[in-house]
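Good morning, everyone, and thank you for making time for this. I would like to walk through one model with you, taking it piece by piece.

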Amino acid sequence: MSEDTREENVSHRFDRLPATESDREVDGRPTREAVLEFWEERFGIDSAVFEEYSFWERGNGKIWAFAGELETPVDIEALGMSFMRTRQEHWKPTTEAVQRFGPHATRNVIQLSRSEAEALLAGYSQELDWDGDWGYLIASHEIAGDSEPIGVGLYVHGELRSQIPKGRRREFGE
Amino acid sequence: MDDVLARYEPIVDDFEAFRAACERPLPSAVRVNTIKTTVERAIQGLEEADLDFEPVEWHPGLFRMPGEQPGANWPYTHGWIHGQEEVSVVPATVLDPQPGERVWDACAAPGSKTTQLAALMDDSGVVVATDNNLGRLSALRSNTERLGVTNVAVTNEDARNHSLKPFSGAEYDRSLVDVPCSCEGTIRKNPDTLDEWTLDHVEGIAGAQKGILKRAIKATREGGTVVYSTCTFAPEENEAVLDYVLDSGECRLLDFDLPLESRPGVTEWQGRTFDPAVERAKRIYPHFNDTGGFFVAKLEVTA
């Protein structure tokens, strides 16, 4: 149908991720398969959780999750939720994706005390013990009788570095 | 303009109580976001955070929070609650969107009603959220993200020219037309609202309201539902707008129930008469339910 518009990233437009490597038309664009594998391998989230979702790229490596289907490409302001970043070697979930889908995670979830949770939310790095993998973790705490994810922490060299974006950091104060 | 409210004396019962209520500040309220939690767990979270709150009787999961700042606590951070004025939850409940449907929110920013629609649809189907103001859309985006909404598609355009092209031309099952207005009904929240009131502004904005409602009726499938709402008392922006679209013969007004005390739409205003069907719309006044002021009408698309 359309001309030669599918061979590179167009920064303002949403393009659906190809299902697999063999469907790929844009170099470097992650596949749906690889995205599902990431969540499964890194956090133990079953791909069935994302069955109803379509995944889209807008801008290099910025992946969005939308609850339904649309014809690709889509030129609008936003589509579903900003979901993860795949530009760097280590893929990184967004705060909102971790808050929304993190409750399904079975590994690489670090449980914080209330004061540690407050430090993470305020944007601070903190020294913490952690026996698991280094890298991006889902940082959770206990609230209202259950564990609830807050956002992403980067664990390296004995330190948990808050990845909460500046606009969402809060200090509740006294 | 010194006494804008005086123009409503002929149509408001118990006018002195109305005026007195307009001068009282409005308590803040929060709505539980059922996309991310349950009402029970949100209540527990609010209690643990030692926040003052009391349930609003007429709507589950809605709480008044006297003296609290809704933003500075864990339930807010987790996207369990959203600050939303009590009466502003009305139009989405009247629209009553169902899971899996296609819904248009024509004047969506900052997204309180968009996110409420998404929650009513169990975050499935699609809510197309349109606004012409990019700055306000960024507020909408931060609300949809914090509240974990995934069924929203955001467009930046004038709702009067809304294009279905990005969505393969598919018409909507329901549309919410909560238009920009002179906002007289928000006087309890923003006491300065009436300082810049002019009749010219009311008449000008009424033109835009007609255009947006007309577009929504066109973009909604036959048999689909459109809800029109404002937060103003001005008949120019309410019944007169309905009268205009009724003339087209492409819609009809529906009766509906509301759990709040209200008055029917007015059929006469300053020598003009409107289609008698506008009585099916509802006027919500501050002194009847201790809320902000509001106007809401439910339409069925017939062509």
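I will go through a sheet, a helix, a cavity and two pockets in turn.

Please keep in mind throughout that what you see is a predicted model.

Let me begin with the sheet in chain B, where four strands form an open arrangement in the order β2-β3-β1-β4, with antiparallel pairing. Why is one side of β2 and of β4 of chain B left without a neighbour in the sheet? Both β2 (54–55) and β4 (81–83) of chain B stand at the edges, and each has a single partner strand, so one side of each has no neighbour there. For β4(B), strand β1 of chain B, residues 29–32, pairs with it in the antiparallel sense over three bridges, and within β4(B) it is B:Gly83 that stands opposite B:Val30. Against this sheet packs helix α5 of chain B, residues 112–120, which touches β1 and β4 of chain B and whose direction makes about 30° with that of β1(B).

Turning to another helix of chain B, α8, residues 239–246, is mostly covered, with seven of its eight residues buried. Among them are B:Ala240, B:Val241, B:Leu242 and B:Leu246, but also B:Glu239 and B:Asp243. And what do the buried residues of α8(B) pack against? Their partners in chain B are the helix α7 (199–219) and the strands β9 (220–230), β10 (251–254), β13 (272–273), β14 (282–284) and β15 (294–301).

Next, the enclosed space. The count comes to one cavity of 30 Å³ or more, and about 40 Å³ of space lies in the largest cavity. Its lining includes B:Leu26, B:Pro27, B:Ala29 and B:Arg64, as well as B:Glu85 and B:Glu86, and by class the lining residues divide into three nonpolar, one polar and four charged.

Now to the pockets. The largest has a volume of about 810 Å³ and is lined by 38 residues, of which B:Ala109, B:Pro110, B:Lys113, B:Arg136 and B:Asp178 lie nearest its centre. The elements that give two or more residues to this lining are α5, β6 (126–131) and α7 of chain B.

The second largest pocket has a volume of about 600 Å³, and of its 25 lining residues, A:Thr95, A:Glu96, A:Pro165, A:Arg168 and B:Glu145 lie nearest its centre. Which element gives the most to this lining? That is α6(B), with five residues. By class, the lining of this second pocket has five nonpolar, ten polar and ten charged residues, while that of the largest pocket has 15 nonpolar, 13 polar and ten charged.

Terms used
Residues numbered from 1 in each chain as written. Chains lettered and ligands numbered in written order. Predicted model: local features only at pLDDT ≥ 70, side-chain atom pairs only at ≥ 80, totals over all residues. Heavy atoms only, no water. Pairing = 2+ DSSP bridges. Contact = heavy atoms within 4.5 Å. Axes fitted to C-alpha atoms, helices over the stretch in contact; angles between N-to-C directions. 1 Å grid on protein atoms, 1.4 Å probe; cavity = no way out; pocket = protein on both sides within 12 Å on 5 of 7 lines; lining within 4 Å. Points joined across faces, edges and corners; volume = space filled by probe spheres on them. Nonpolar A, V, L, I, M, F, W, Y, C, P; charged D, E, K, R; others polar. Buried < 20%, exposed > 50% of the residue type's maximum accessible area, 1.4 Å probe, protein only.
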